[in-house]
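Student: I have a structure open at my bench and would like some help reading it. Could we go through it together?

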Amino acid sequence: MTIASLPPVIRDVPGQDNAAAFLARALAHPSHAYLFSGPEGSGKRLAMRAFAAALLCPDGGCGDCRACRLALGERHPNMLLLEPTGPDILVGKDAQDPNTARWFASRAYLTPPEPGRKIMVVLQADRLRVEAADVLLKALEEPPTDTIFVLMSARPDELPETVRSRVQEIGFPPLSEAFVVDALMSEGVSEDLARLACRLAGGNLGRARRTAKSEHGLDSRTVALSVGAKAAAGPGQALGAAEELLAAAKGFRGVLGEELELEFEPFLDPNGKPEEAFKGIIRRMKDQHERRLRRAEREFLDSALLALAAHWRDVAVLASGGGPEMLINVDLAEELQAAPAGAAQAGLAMGHIEQARADLADETNLNARLVLERMFLKLARLNQDHAFVQ
Ligand SMILES: [Zn+2]
């Protein structure tokens, strides 16, 4: 299937030619359940919207009609999304318990609001608790007619095997650097900044875009490198470094809140009140914003730790004879070349930082301060040990 013969909505799925071709073929005889698997920022969600549009559009995904536009905005009445409201997707008390597996599964058997198919999407499907997965499983085993499930996951290995064996899996590998850089440049970002943002974001297009385009996009790296340098002065400074990073993460939450408020503007009347027709949309956006704000501090801390790990990775590259073109922090080549640390210390530092990231990713781990203090103490200690070796 050539690119030109794909339905327009599918053709617009960025950087995932194999997945797009697969989806286009699936449109003729869609199976009842799919799993889109791949890391954050690889384009799964855009592909899901395009696939939904192609399934709901009377012309198979023209990209222009009402059905397409609504589906691409995840606002088509026949689309239903389930996502974790806390750390997990819960089973729920009954079908009336919103945003739970029971609520979601019960809707699979209802007549859709508009004639045609129903698209039932589970975001972060790996967060289904065992009982919730069992409820969903029933619907997957006896699929309602004209209902298509799309499960999405960055950690497909954590899905119960019972669920995974009943869905058709489509892989979304990480986007290539060339693709992400081109995409950002086509949006007006300079090549240098696009490359830096892409490397700092590990190829995650959404994150790279925020890094490159938000006024505060590089804040987490700036803070991370500054507190990292502070912690290197010794264990006495390490606790202060953790404190400073936590304060910056709190500050970021405030900034993000203001940025999100701006998204409501197109839906408000001149008095700043929501227009009647948009009340439903605004309510949903508010829920989404609240969830993002709840995650904002962890998101900032994770970006900061990634930046710190990237710094040490660059130190290791240079210490092992790599050239400046191999750096993540392409703009900091001079400073990095002057760094006294060797490859061994850099490797150990990256290990400590990765451990802290893993600990923070576990949302049941509420004590971020302890995780950060422990990490900075280890980094400080490392610096002392290696200072004598050099
Ligand atoms: Zn259409």
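Tutor: Happily! Helices α8 and α10 are oblique to each other, a word for angles outside under 35 degrees (roughly parallel), over 145 (roughly antiparallel) and 65 to 115 (roughly perpendicular). Helices here are DSSP runs (H or I, at least four residues), numbered from the N terminus. This is a predicted model, where local features need pLDDT of at least 70, side-chain atom pairs count only at pLDDT 80 or more, and totals for chains, interfaces and linings use all residues. Residues are numbered from 1 along each chain as its sequence is written.

Student: At roughly what angle do the axes of α8 and α10 cross?

Tutor: Axes are lines fitted to C-alpha atoms, for helices over the stretch in contact, and angles run from 0 to 180 degrees between N-to-C directions. Those of α8 (residues 177-186) and α10 (residues 205-213) come within 11 Å, and they cross at roughly 45 degrees.

Student: Which residues of α10 make the contact with α8?

Tutor: Contact requires C-beta atoms, placed from the backbone, within 7 Å. From α8 come Val 180, Ala 183 and Leu 184, and they are met in α10 by Leu 205, Ala 208, Arg 209 and Ala 212.

Student: How do α11 and α13 lie: parallel, antiparallel, perpendicular or oblique?

Tutor: The axes of α11 (residues 219-231) and α13 (residues 279-319) come within 8 Å and cross at roughly 60 degrees. The two helices are therefore oblique.

Student: What distance separates the centres of domain 1 and domain 2?

Tutor: An automatic or database domain assignment supplies the bounds, giving domain 1 (3-171) and domain 2 (214-389). Taken over C-alpha atoms, their centres are separated by 32 Å.

Definitions and conventions
Two residues are in contact if their C-beta atoms, placed from the backbone, lie within 7 Å.
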